[in-house]
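Let us walk through a protein model together, one part at a time. Have a look at the picture before reading on.

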Amino acid sequence: MESFLINLLNGLSWGMLLFLISLGLTTVFGVLGILNFAHGSFFMLGAYLCMQIMHIMPSFWSGILVGPLVVALLGVLIERVLLRKVYGRDISFQLLLTFAILLVLDDAVRIIWGPGYHVVEPPAILSGVFTLGTRTYPVYRLFLVIAGPLVGLALWLFFQFSRWGRIIRAAAMDREMAEGVGIRVPMLFTVVFALGTWLAAFGGALAAPHQSLAPSMGERIIIESFIVVVCGGMGSFPGAFAGALILGLFESFGTVFLGSAQMAVPYILLAAVLLVRPYGFFGREV
Amino acid sequence: MRKGIIAAMVLPLVVISLVLAAPAWSAPTVKVGFVYIMSGPFSAYGQFAKKGAELAVDEINAAGGISGHKVEAFFEDSTGKPDVAIRALRKLVFQEKVDFLIGLDSSGVAKTVVPSIPQMKTPLIITHAATPDVTGSVCNRYVFRISVNLPQNVKAAAMLAAGTDAKTWTTIGPDYAFGHQSWEYFEKYLQVMKPDANFLPKDAVAFPPFKTTDFNPYINKIMQSGADGVLVSLWGGNLIDFVRQAQEMGLFDGKRQVLMTLGAATEVLSALGDKMPEGLWVGTRYWFLANDSQRNQDFVKAYFDRYGEYPSYNAHGAYGALYTYKAAAEKAGGIDKEKVIDALEGLTVELPVGEITIRPEDHQALSDVSWGQTAGHANYPIRILNPVKIFKAGDVTPSPADSGCRK
């Protein structure tokens with residue numbers, strides 16, 4: 001029973017991290033129509049900047065608040081200077097461009113912080129363990145389980161009920177019509193891309209106390225996030241939530257029951273979803 | 001992009017050094033190619049190797065070069081992928097015309113590329129990859145290894161394990177040949193030394209994939225298994241993540257014996273700092289405090305003065321390989337590739353790690369293996385080993401007949 005609970009928490013905490021990353025990816029795709037390969041690099045930058053800011057202001061909270069904001073500013077710059085040029089063009093331009101950004105950012109991290117490993121300490125209040133029957137479980141992991149849905153819920157409320165959220169959804173649905181009724185779409189796209197990068201970087205900062213920092217650390221999470229987004233339905237919020245939850249739990253329980261066959265789980269899941277529901281759990285046919 | 005920057009920085013230097021150095025060096029240079037992982041998550045290993053190599057190049061050139069030839073170093077990125085590594089090696093041999101090759105981090109890369117080295121007719125010293133196969137089933141005339149290999153390191157682990165009261169052993173290791181072979185050899189050696197030891201079956205031990213960052217499910221599995229001994233063959237970032245998460249989960253609560261075959265790597269110890277629990281048995285290929293010979297002290301001091309950090313085993317590997325090549329070329333009386341190979345066979349050379357001898361039968365170096373228990377020390381920012389336990393090469397190296405090498 002305790003083991004079951006621990007597996008459940010493991011799956012949930014990893015799933016929630018995946019959810020935050022996938023949320024940024026799916027939002028940027030849903031609104032801008034851009035498949036952002038560099039998303040994992042923003043995740044990495046979030047973690048590194050969180051660490052860097054903790055050197056200046058030694059508190060995890062300052063790192064997690066300021067770090068992702070700096071990355072979001074970089075997102076604004078990238079959208080304005082680079083992405084804007086390729087909106088109307090063939091999808092291969094977007095893929096090449098975002099892939100190039102990924103390479104540049106990965107190398108920049110290696111040049112600035114070196115190729116070695118770094119670790120970030122969780123804040124004192126979250127660093128202990130709590131007792132679960134005869135076992136212990138880290139408090140920080142529980143924090144991840146709670147933080148993910150909270151951020152997701154806040155974002156969902158924002159999109160669903162705020163004026164800005166409605167405008168963004170309108171622009172995503174029909175760009176020309178939105179421009180026709182006087183919405184400044186280019187500015188909107190900048191905001192949405194910045195939001196997407198912030199989500200990735202926030203996920204990175206959240207992940208920093210739990211995994212070591214090294215160049216290209218975004219590689220794994222970006223692959224799984226793509227799987228989550230495709231399974232959940234491109235551009236779908238509940239889809240990202242369901243996909244991340246399912247993938248997280250499959251991996252956690254798969255490790256215990258399937259052994260090394262567990263590696264194949266995300267890909268089998270992806271293949272199955274594509275066969276049965278090509279548009280994902282919550283995707284609509286286009 | 002990277003190449004552009006490197007070219008932009010290196011070109012002026014090359015021109016200046018050519019102008020300045022031309023009169024001093026009448027003999028042609030000896031070219032040495034280094035292939036390590038220079039990009040991606042494991043680029044730290046390539047960076048260490050490069051630091052060690054550059055230190056050796058500068059020291060050797062300052063002392064007159066190799067047999068009168070100035071050393072010129074070429075670095076290539078294997079990216080940790082066999083096909084890229086092969087291309088890098090071919091480029092070094094056929095384009096840059098190097099006289100000697102040094103490198104290879106990953107066992108997977110090493111095992112795949114080693115059979116192609118004879119076609120390149122250029123000797124290679126492996127300094128990191130630990131798979132028994134490169135000086136075993138796929139050994140050949142052109143490939144040597146001066147670093148400690150997997151059976152040597154794991155035999156030492158088994159000897160330590162035999163001295164503990166742990167009865168049932170399990171493992172956690174990366175899910176590729178290295179992790180699986182570490183466990184197989186450990187089982188093989190410990191069974192002989194301690195016949196009543198139990199080993200969990202293959203499906204009950206933990207082999208997380210390389211890309212794992214969340215080790216909790218595996219830690220959970222180990223803690224459920226009832227084993228009281230754990231062999232950890234994770235390394236690098238995997239090991240750092242594992243140690244921190246296992247610490248939180250209470251794996252190091254003193255109820256289990258934990259042996260980490262690569263826990264004494266400086267990149268792991270520096271990242272973990274005081275988060276590395278004390279009193280764990282950890283091994284490595286080279287430990288900078290393991291011997292106080294003048295050779296080692298000079299190396300550690302030169303490395304620390306130049307880079308501001310203590311040399312990792314991979315820095316030592318690349319550094320030591322160049323000195324091994326130097327000794328072989330001097331013994332051979334020149335840099336002719338075939339003659340250097342003959343000289344390398346049976347060569348004994350003193351490196352910082354101690355005296356090593358390259359066995360002529362399988363080209364594996366006999367090198368002492370360092371293990372130790374993690375301990376804090378006021379003078380070092382990282383955990384050091386105290387006590388250090390040195391295993392003599394003769395006690396931990398399988399005989400040439402057992403290596404599987406049929407050249």
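We begin with how far to trust the model, then turn to a pair of helices and finally to domains.

This is a predicted model, in which local features need pLDDT of at least 70, side-chain atom pairs count only at pLDDT 80 or more, and totals for chains, interfaces and linings use all residues. Residues are numbered from 1 along each chain as its sequence is written, while chains are lettered from A and ligands numbered from 1 in the order in which they are written.

Chain A has a mean pLDDT (the predictor's confidence in each residue, from 0 to 100) of 87, with 98% of its residues at 70 or more. Among the elements of chain A, helix H3 (residues 60-81) has the highest mean pLDDT, 95, and strand E2 (residues 135-138) the lowest, 79. Helices (H or I, at least four residues) and strands (E, at least two) are DSSP runs, numbered from the N terminus.

Now find helix H9 (residues 218-232) and helix H11 (residues 265-276) of chain A, whose axes come within 10 Å and cross at roughly 25°. Axes are lines fitted to C-alpha atoms, for helices over the stretch in contact, and angles run from 0 to 180 degrees between N-to-C directions. H9(A) is therefore roughly parallel to H11(A), a word used for angles under 35 degrees.

Chain B, in turn, is divided into domain 1 (23-148 + 292-367) and domain 2 (151-284 + 369-400), with bounds from an automatic or database domain assignment. Their centres, taken over C-alpha atoms, are 28 Å apart. To their contact, domain 1 of chain B gives 17 residues and domain 2 of chain B gives 18, where contact means C-beta atoms, placed from the backbone, within 7 Å.

Terms used
Contact = placed C-beta atoms within 7 Å. Parallel < 35°, antiparallel > 145°, perpendicular 65-115°, else oblique.
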